[in-house]
Amino acid sequence: MSKTEFKIEGEEQTVRFGTLMSELCVPYAVNNSKSVLIFLEGDLGAGKTTFSRGFIEGCGYKDIVRSPTYTLVEPYDFDTYSIYHFDLYRLLDPEELEYMGIRDYFERTSVCLIEWPDKAQGLLPEADIRIALSYSQNSRTVVIESSVLAQDELDRIATFFC
Ligand code: ADP
Ligand code: MG
């Protein structure tokens, strides 16, 4: 398990962090024809959606990235993969996930960005990457833990924000 921790200051850096992660995770998903699950943990306002926007824009998406607060999931289809952005904050009944056919999302070549994964405890596979964002006024502390990215890849991201 590789792990790193660093600080990011301001919204721009959170967007940049998302883009940097997309540059690592998308090739991994495509080369392995696999779904990469990223759990985004942290309180309201920690920057989970901001990170996701940077990630999705990093894939070349030019339109507005909307928070899937009411729809639970927002899909973004690209030529050889998809990004599925989940926000499970409003999930009331885990059965909703079954109705959505959540399993299918995990069987495609994709990256699944999942805000509030705790709300679906027991229904999601293990995370490939966990990103915990913790709030302070003008910055955020980031902890990344991953079973699929190498330590030196995470170290490079951390160095970027030093
Ligand atoms: P969440 O999805 O976790 O509830 P959002 O991304 O919607 O959080 O909101 C985060 C808020 O914090 C936004 O107002 C954004 O501008 C701000 N923000 C994001 N990243 C940082 C950062 N690194 N430092 C300071 N403020 C940030
Ligand atoms: Mg959010």
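How are α1 and α5 oriented to each other, roughly parallel or roughly antiparallel? In this predicted model, the axes of the two helices come within 11 Å and cross at roughly 160°. Because angles over 145 degrees count as roughly antiparallel, α1 and α5 are roughly antiparallel to each other. The crossing in which α1 passes α5 is right-handed. On the α1 side the contact involves Arg16, Phe17, Leu20, Met21 and Leu24, which meet Glu153, Ile157 and Phe160 of α5.

Helix α5 spans residues 151-160, and within this helix Leu154, Ile157 and Ala158 are buried. These three residues cover an arc of only 100° around the axis, which puts them on the same side of α5. The face turned away from this buried side carries Arg156 and Thr159, both of which are exposed. The cover over the buried residues of α5 is provided by elements that include β1 (2-9), α1 (11-31) and β7 (139-146). Ile157 thus appears twice in this description, as a buried residue of α5 and as one of the residues of α5 that meet α1.

Two further residues of α1 were examined for their surroundings. Thr14, which lies in helix α1, has a relative accessibility of 5% and therefore counts as buried, the cut-off being under 20% relative accessible area. When neighbours within four places in sequence are left aside, Thr14 is in contact with Ile8, Gly47, Thr50 and Phe51. Ser22 also has its place in helix α1 and, at 3% relative accessibility, counts as buried. With residues up to four places away in sequence not counted, Ser22 touches Pro27, Phe55, Gly58 and Cys59.

The model also contains a magnesium ion (ligand 2), for which the protein donors are Thr49, through OG1, and Glu115, through OE, at 2.1 to 2.3 Å from the ion. This pair links distant parts of the chain, since Thr49 belongs to helix α2 (residues 48-58) and Glu115 to strand β5 (residues 110-115), with their positions 66 residues apart in the numbering. The two donors can also be described by their accessibility: Thr49 is partly exposed, with a relative accessible area of 28%, whereas Glu115, at 3% relative accessibility, counts as buried. These assignments follow because buried means under 20% relative accessible area and exposed means over 50%, with partly exposed in between.

Conventions
Residues are numbered from 1 along each chain as its sequence is written. Chains are lettered from A and ligands numbered from 1 in the order in which they are written. This is a predicted model: local features need pLDDT of at least 70, side-chain atom pairs count only at pLDDT 80 or more; totals for chains, interfaces and linings use all residues. Side-chain values use heavy atoms; hydrogens and water are left out. Buried means under 20% relative accessible area, exposed over 50%, partly exposed in between (1.4 Å probe, protein chains only). Helices (H or I, at least four residues) and strands (E, at least two) are DSSP runs, numbered from the N terminus. The arc is that of the directions from the helix axis to the C-beta atoms. Contact means heavy atoms within 4.5 Å. Donors are N, O and S atoms within 2.8 Å of the metal (3.2 Å for Na, K and Ca); water is not among the atoms, so sites may look incomplete. Axes are lines fitted to C-alpha atoms, for helices over the stretch in contact, and angles run from 0 to 180 degrees between N-to-C directions. Angles under 35 degrees count as roughly parallel, over 145 as roughly antiparallel, 65 to 115 as roughly perpendicular and the rest as oblique. A crossing is left-handed if the near helix is turned anticlockwise from the far one by less than a right angle, and right-handed if clockwise.
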